[in-house]
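Work through the exercises below with the sequence and the structure open. Try each task before reading its solution.

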Amino acid sequence: MHYLTIEDEIKSQINIFTLAERLWLDTEVADWYTSSRRLSLIQVLAKSTDSTGEYAYILDVLNKPHLIVYFIQQIMLNPQIEKVFHNASFDLRYLGGNSAQNVTCTLQLAKKITKLALQVSNLKLKTLAAELCHFSDTDTEEAKSNWGKRPLTQKQLKYAGMDVVYLAAVHRQLLKFSLHVVDMKNNISNPSRQKSQKSYISATKVRLAFECPRLFYLYHHFHGDSIFIPPEQPLGGVGNTFHKLADEFIKLAITEPKFTQLFLLNADQLRLEDVSSGMQNLFYELKFYPYLNQVIAKDPSQGATLLKVWQGLQGFIKHLAELLIINREYCSADKVIANTFIQEERKLEHYFQLPDGTEQRVLGEFDCLVFNFALKRLCVVELKTYQPVDPSAQLAQVAIYSYILNQQKKVGVDSAVYCVLPEFKEYKYSWEQLENTVHQLIPYKLQQMQTWVSWKPNQDNPPPSTTQPHLCEICPQQEKCQTYFVHQHSLQEPSPWKGEATGTKPNFVGLKTNEPEDLFGNIGEELVNTLESFGVGVDYQGVVAAPSFIRVKLKPQLGIKVATILKLSADLQVQLGLENPPLIAPQAGFISVDLPRKDRQVARFEDYIQSKYLPANSAVKIAIGVDLEGKLIEADLSDPNTCHFLVGGTTGSGKSEFLRSLLLSLLYHHSPQQLQICLVDPKRVTFPEFEEMGWLRSPVVKDEERAIELMDELVWEMESRYQKFEKARCNDLSSYNQASANLMPRIVCIFDEYADFMAEKESRTALEQSIKRLGAKARAAGIHLIIATQRPEAKVVTPLIRANLPGRIALRTASEADSQIILGGKKTSAAYLLGKGDLLYQVASRLQRVQSLFTTHIQLPLSRERV
């Protein structure tokens, strides 16, 4: 049990209690035999199955009236939390009185059932605990002890903590007695509910139904395999083992003090690599290595399988370490792990009301529930040991867990799918994304599933085949499906476009000649039909194909608001079977809906940029990428809006390739006499091919101390240049070079993984001040910054940094919050980009979607000057 005496810790724990659906409460009162009684302790239990007091909290509020008021305001007056007391009329004297809401009294429940029915000698809490719940050694003597004296004895603390354990157990038993009577009544008046107890659908089957109705049917009736796995991703039997060890990791992290020691530093001093490797090493030593030896001793062939499991666990643990570091800002070291991993019953059950008035029982079991203190939000997690071919179907499964948990806890619950193999990838969806979209689709899907399940061979209208034909090639029950559904109807030809009746044809722009136009037309038609199924009428305006996505242009019909379509992103993701939500945005005269291409193209560097040096007075431009029309987009570094850049993108976004192509575009057009380059590469993997090039102003920087020196040198160079400009009576670098016989080169500093240098306060302050000075004054001096990071968090990319880097490049970010930091305002679109160079380029208020260039082989041009 947890005895809390420090005010901040008590408040923090009260805040956590506000997320509970139900709390079991008791109080201890000091000076009981006087007229000046004082509330001494508030005991709280949030886990009903605790039988030892491990999850009991004792809040010491003696002589702390402000904490009592805070508890009343946050807990007792909150109608969303059920508060369970044994003798509520007594405890409420000190906890809000008649103002308290949603209070349950187990004494009153017991009185309604009666002693005779319960077969107990009396209705006191300790008696019910002993005779109804079979607890032994229930202490009754400590009730008379002095609760106003400090320190309290261990015997007193055990007595106080166990009181709420007894209370939860008694409450659970009393509810069983009550439900027995209610169920008897319901079964008489509602036989359909009685029948549905047996006729349930699992959350896994809902996922199947989204992927392929026919595989759902076969699995429901005949079982067998049910996962679409590409040939290059063999499961290898790792799933059950991984899930078992993932559970073991969380349990060990909560109970093993060595894990707590990893978080003793302040949050801003913790480094992800250190924490994650520490957690991995501890788990390997204490659990995985003994398990590995045990398994291999029985079956040496399991070594390869366990190697895959360990690979998946490493990614899983690193991701959890990142969350724990975030939460460390809000929790003490000894509380952060237990407060992050929510330990409670993982099996869920809910009756969904269907559109036809019936209800469907759905069962499921989630893998993990975590709490993010920065977002103040729970997140339910589904673990997968493979990369799903249809992430939207996985979304449907985890969204069910989110919905049921919301119904229980009355708070928003985010959803996430962690795919741990072959490399870690997270699909995350906020409660706001799901609340009015996927959650509303589930009852309709369940009703469809009821219809499909009732179909019998030789009847018309069998369950339809998947809308994703490529899944048939990897179907785990392909042969059975082909023989079982022998009467399937052939697909109808797609209906003609509205415009085709008048002789017009869909407008295809930017498509290669070998790409079939009807392929993209069908996608546009499916989008129009899907929107119409939601009651949203739109007119098709054409389609444009970019290398990584297809942009469908739609014009809302009269009476349809743009906001209505913008809210349907998650619905379209599910219905169209997309890996990410489509990006929807208003444009001049139409709405654009960007859908990912299955046959994604590459914008090759050599197709757009040729090695040819430009005249010395030419503008220095960097290549951003290729737009929708296949045109190369460049940014002029002399422009005040694009003189310095902030670049953000998570792992797999293509950030490193973007920086390399950007750098190469400079080298192909400007000689070392015209241009000098500074590179900062702390991870030592972004610029290895450039380390010996003639354009380098100084060797590639790889450590923190040298990075600070480099930025100081650039500030000094800037000030030195302004002194020369003043003597020559010139305003900027261009005018100076025109007037001077000696060419002064532009300097471009590309700073990769800026976040790696932000851990220490001194280095953070030094870098921020240099960036501030360079960002404010260096453009005219011909010095330009390109600052890039994988982690564009608020504490890394501070307002001071953002204010001095006007140009923005957002590749795919790990979260909506990261997207907002890069692009500003409420622009969350970068979180839904496709990765691998798909980016958003922002100049002033204009946002443009671009595909960055990709070069398979870095070939530096000759350093001699060619004009």
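The model is predicted.

**Exercise 1. Locate Asn63 and describe its backbone and its exposure.**

Solution. Start with the position: Asn63 sits in the loop between E4 and H2. Next, take the backbone angle. The phi of Asn63 is near 60°, a positive value in a residue other than glycine. Most residues other than glycine have a negative phi. Last, check the surface: exposed means over 50% relative accessible area. Asn63 has 54%, so Asn63 is exposed.

**Exercise 2. Do the same for Glu753: where is it, and is it buried or exposed?**

Solution. Glu753 is placed in the loop between strand E23 (746-751) and helix H27 (761-777). Its phi is positive, about 50°, although Glu753 is not a glycine. For the last step, the cut-off for buried is under 20% relative accessible area. Glu753 has 4%, so Glu753 is buried.

**Exercise 3. Name the buried residues of helix H2 and find what they pack against.**

Solution. Helix H2 covers residues 65-76. Its buried residues are Leu67, Ile68, Tyr70, Phe71, Ile72, Ile75 and Met76. An α-helix has 3.6 residues a turn, so residues three or four places apart point the same way. Now look for the partners. The buried residues of H2 pack against one helix, H1 (7-17). They also pack against the strands E2 (22-30), E3 (38-45), E4 (56-60) and E5 (82-85).

**Exercise 4. Which peptide bonds leading into Pro151 and Pro422 are cis or trans, and where do these prolines lie?**

Solution. Take Pro151 to begin with. The bond from Arg150 to Pro151 has omega near 5° and is cis. Pro151 lies in the loop between helix H6 (125-131) and helix H7 (154-189). Then take Pro422. The bond from Leu421 to Pro422 is cis as well, with omega near 0°. Pro422 is found in the loop between strand E12 (413-419) and strand E13 (425-429). As background, most peptide bonds are trans.

**Exercise 5. How many disulfides does the structure hold, and why is Cys133 not in one?**

Solution. A disulfide is a covalent bond between the sulfur atoms of two cysteines. The structure holds zero disulfides. To see why for Cys133, find the closest cysteine sulfur, which belongs to Cys105. The distance is 16 Å, too far for a bond. Cys368 is in no disulfide either: the nearest cysteine sulfur, in Cys379, is 8.6 Å away. For comparison, the cut-off is 2.5 Å. Finally, look at burial. Cys133 is buried, with a relative accessible area of 18%, and Cys368 is buried, with 6%.

**Exercise 6. Does the radius of gyration of the chain agree or disagree with that of a compact globule?**

Solution. The chain has 867 residues, and a compact globule of that length would have a radius of gyration near 29 Å. The chain has 32 Å, which agrees. Along its principal axes, the C-alpha trace spans about 105 × 75 × 65 Å. Buried residues make up 53% of the 867 residues. Turn next to contacts between residues at least 6 apart in sequence: 67% of them join residues at least 24 apart. The chain contains 29 helices and 27 strands.

**Exercise 7. Count the charged side chains and describe the exposed surface.**

Solution. There are 95 positive and 96 negative side chains in the chain. The centres of the two sets lie 4 Å apart. For the surface, the chain exposes about 40,100 Å². Carbon and sulfur atoms supply 50% of that area.

Note on methods. Residues numbered from 1 in each chain as written. Predicted model: local features only at pLDDT ≥ 70, side-chain atom pairs only at ≥ 80, totals over all residues. Heavy atoms only, no water. Helix = DSSP H or I, 4+ residues; strand = E, 2+ residues; numbered from the N terminus. Rg over C-alpha atoms; globule rule 2.2 N^0.38 Å. Buried < 20%, exposed > 50% of the residue type's maximum accessible area, 1.4 Å probe, protein only. Contact = heavy atoms within 4.5 Å. Areas by Shrake-Rupley, 256 points an atom, 1.4 Å probe, with all protein chains shown as cover. Lys, Arg positive; Asp, Glu negative; His and termini not counted. Charge placed at Lys NZ, Arg CZ, Asp CG, Glu CD.
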